[in-house]
Amino acid sequence: MMTVGPRLALEGGTPVRKTLLPYGHQSIDEDDIAAVVEVLRSEWLTTGPKVVEFEEAFAHFVGAKHAVAVSNGTAALHAAMFAAGIGPGDEVLVPTMTFAASANCVVYHGGTPVFIDVDPKTLLLDPAQAEAKITSRTKAVVAVDYAGHSCDYDSLRTIADLYGLTLVDDACHAIGGSYKGRPMGSLADLNTFSFHPVKHLTTGEGGMITTGNTRLAQGMRIFRNHGIDMDTHQRPQRGGGFYEMIELGYNYRLTDFQCALGLSQLQKLPEFVRRRQAIATHYNAAFVDMPAVKPLAVSPHVSHAYHLYVVQFDLDQLAASRERIFMALRAEGIGVNVHYIPVHLHPFYRQRFGTGPGLCPVAEGAYEQIISLPIFPRMTESDVEDVIAAVRKVIKTYEKGF
Ligand SMILES: Cc1ncc(COP(=O)(O)O)c(C=O)c1O
C-alpha cells in the first residue's frame with residue numbers, strides 16, 4: 001500500500017468536510033410547522049379527526065383498503081404479529097439483515113424468529129432459503145424491503161399461499177417505492193411503516209400498518225388502544241361510559257399533532273423519493289470508476305425508495321478493514337453508518353435462541369463489507385460531491401497495488 005493524493009484526516013490530513021454530514025435527516029418546512037400548530041390550538045390532541053384523516057390519506061397513497069396509525073414502526077410490527085395470531089410455539093421467518101425490531105416483534109408474542117440468509121447482490125430475503133426453513137410450526141414470514149428495495153413478492157406470495165402463512169412486509173425502508181408497478185404497502189397481508197426522522201416522511205416517532213383485511217384492521221385498532229373494543233367516539237352511543245377490554249392491548253396511539261405532521265409530509269413524499277433516487281443515480285455514476293466500491297444491485301422491476309444507500313467495499317482490493325474505512329470516512333466528515341449487524345449475531349438472540357456465526361454466511365460476510373452513505377432529500381449537490389470525494393480519497397489511500 002502506498003498513500004497517493006491528500007493525506008487522510010484520520011492520519012492528520014485536512015478533512016473533506018469540517019462539519020459532519022449525517023447519514024439521514026428530516027425535511028421539515030413552514031407548512032409542516034403550521035399544520036402541527038393548528039392542531040395544538042384545536043380541541044383534539046389525540047384520538048381526534050387528524051388520526052382518521054392521516055390513516056385515510058396513507059391508505060389511499062399506498063393503494064390499501066385500511067391503514068392503522070400507531071406510535072412507531074416497532075409498535076406496527078408488534079400489532080402485525082398480533083393480527084397474524086403469533087403465539088408461543090409459532091415460528092416466523094425473518095431475514096437476518098435487518099433492524100432487530102423485525103425479529104423482536106415475534107418474541108414479544110412468545111414466538112420464535114427463524115433467521116433466513118439473504119441474496120448476496122441485494123441483501124434481501126432469499127425466498128428459496130425461506131421456503132427451505134418452513135416447518136409445521138411456521139405461521140408467518142416477515143419480508144424486509146432492505147434499504148428501500150422491494151422483496152420478491154410474487155415468489156413470497158406463492159410460498160405463503162402454498163404453506164398457509166401470513167405474509168408481512170416490514171416496509172419501514174420502502175414507503176414510496178414499488179414492485180412491478182404496485183406500491184409498497186399494498187403487496188403483503190400486513191405492511192408496516194416507520195415515521196422516525198431518518199425515514200422518508202416523519203411524525204417524530206410514528207408508524208402505520210396497512211392491510212386489505214377489515215377484520216385484521218379492526219383487531220389492530222383494538223390492540224393499539226389497550227385492547228378496548230371501541231374508541232371514545234363510539235362510547236356515548238353505548239351509554240354510561242361503558243367499555244370493555246377484550247384483548248391484552250397497549251397504548252400505541254399516535255397523536256393528532258403527529259398525524260397532522262404526517263399528512264403535511266405525505267404531500268411531499270413523491271418529491272422526497274425522487275430526490276433520494278436522484279442522489280443514488282449520482283452516486284452510482286461516480287462509483288463506476290471505483291471497482292472496490294460496489295453499490296447493491298437493483299432489480300429492473302423495482303422502483304427503489306432509497307431509505308439507505310448501501311455499498312459493499314471489496315476488501316480483496318483494499319488494504320483496510322470495513323471498520324478502518326468507516327473510521328476514515330467519519331474523520332473526513334461523512335456520517336456513514338452500518339446497516340446492519342445481522343440480527344442472529346446479537347447477544348440476546350445468541351443467548352435466548354442459540355443462534356451464532358455460521359447460521360447465515362452471506363449476511364455475515366456482507367456485514368464485514370457494508371457501509372451506508374448519507375442520503376436524504378435536503379442534501380445539496382455539493383454534499384453529494386463531498387461524499388464521493390471522501391470515498392475516492394479513502395479508496396485511493398487503501399487501494400492495493402498503488
Ligand atoms: C426495517 C425496520 N423495521 C422496523 C423499524 C422500527 O421502527 P421504529 O424505529 O419507528 O420503531 C426500523 C427502524 O429503524 C427498521 O429500520
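# A walk through the model, one selection at a time

Start by selecting Cys 259, which is buried, with a relative accessible area of 0%. Keep in mind along the way that this is a predicted model.

**Stop 1: the cysteines**

Stay on Cys 259 and look for a bonding partner. How far is its sulfur from the closest cysteine sulfur? The distance is 16 Å, to Cys 172, and that is too far for a bond. Now click on Cys 172 itself. Cys 172 counts as buried too, at 9% relative accessibility. The closest cysteine sulfur to that of Cys 172 belongs to Cys 105, 9.7 Å away, again too far for a bond. A disulfide is a covalent bond between the sulfur atoms of two cysteines. The cut-off used here asks for two sulfurs within 2.5 Å, and by that rule the count comes to 0 disulfides.

**Stop 2: helix H4**

Cys 105 takes you to the next selection, because it is one of the buried residues of helix H4. Select residues 101–108 to see the whole of H4. Is this helix enclosed or open? Of its 8 residues, 6 are buried, so H4 is largely enclosed by the rest of the structure. To colour the buried ones, pick Ala 101, Ser 102, Ala 103, Cys 105, Val 106 and Val 107.

What do they pack against? Show helix H3 (73–83) and helix H11, then strands E2 (91–95), E3 (112–116), E4 and E5 (166–170), and you have the surroundings of those buried residues. Before you leave, click on Gly 110, which follows H4 and has a positive phi near 85°.

**Stop 3: two loops with positive phi**

Go to the loop between strand E4 (138–144) and helix H6 (153–163), where you'll find Ala 147. Its phi is near 70°, a positive value in a residue other than glycine. Ala 147 is buried, with a relative accessible area of 3%.

Next, jump to Lys 180, in the loop between strands E6 (178–179) and E7 (182–183). Lys 180 isn't a glycine either, yet its phi is positive, at about 50°. Is Lys 180 buried or partly exposed? At 44% relative accessibility, Lys 180 counts as partly exposed.

**Stop 4: His 307 and its neighbours**

Select His 307, in the loop between strand E11 (302–303) and E12. His 307 is buried, with 3% relative accessible area. Which residues does it touch, once you skip those within four places in sequence? You'll meet Ala 147 from the previous stop, along with Gly 148, His 173, Val 198, Lys 199, His 200, Arg 276 and Ile 375.

**Stop 5: helix H10**

Now select residues 322–331, which make up helix H10. Its buried residues are Arg 322, Ile 325, Phe 326, Ala 328 and Leu 329. Turn the view until you look down the axis of H10: these buried residues fall within an arc of 165°, so they line one face of the helix. To see what they pack against, show strand E12 (309–313), helix H12 (361–367), strand E13 (370–373) and helix H13 (381–398).

Just after H10, click on Gly 333 and check its positive phi of about 95°. A little further along, Tyr 340 is in the loop between H10 and helix H11 (347–353). What kind of peptide bond joins His 339 and Tyr 340? The bond is cis, with omega at about 10°.

**Stop 6: Ile 395 in H13**

Helix H13 holds Ile 395, which counts as buried at 3% relative accessibility. Draw a line between the C-alpha atoms of Ile 395 and Ile 325: they are separated by 8.3 Å, although the two residues are 70 apart along the chain. Setting aside its neighbours within four places in sequence, Ile 395 is in contact with Ala 292, Val 293, Phe 313 and Leu 318.

**Last stop: H9 against H13**

Keep H13 on screen and add helix H9, residues 256–287. Two packed helices are described by the angle between their axes and the distance between the axes. For H9 and H13 the angle is about 30°, and the axes are 11 Å apart. H9 passes H13 in a right-handed crossing. On the H9 side, the contact is made by Arg 275, Ile 279, His 282, Tyr 283, Ala 286 and Phe 287. Facing them on H13 are Glu 381, Val 384, Glu 385, Val 387, Ile 388, Val 391 and Arg 392. Colour the contact by residue type and you get 8 nonpolar, 1 polar and 4 charged.

Note on methods:
Residues numbered from 1 in each chain as written. Predicted model: local features only at pLDDT ≥ 70, side-chain atom pairs only at ≥ 80, totals over all residues. Heavy atoms only, no water. Buried < 20%, exposed > 50% of the residue type's maximum accessible area, 1.4 Å probe, protein only. Helix = DSSP H or I, 4+ residues; strand = E, 2+ residues; numbered from the N terminus. Arc of directions from axis to C-beta. Contact = heavy atoms within 4.5 Å. Axes fitted to C-alpha atoms, helices over the stretch in contact; angles between N-to-C directions. Left-handed = near helix turned anticlockwise from the far one by under 90°. Nonpolar A, V, L, I, M, F, W, Y, C, P; charged D, E, K, R; others polar.
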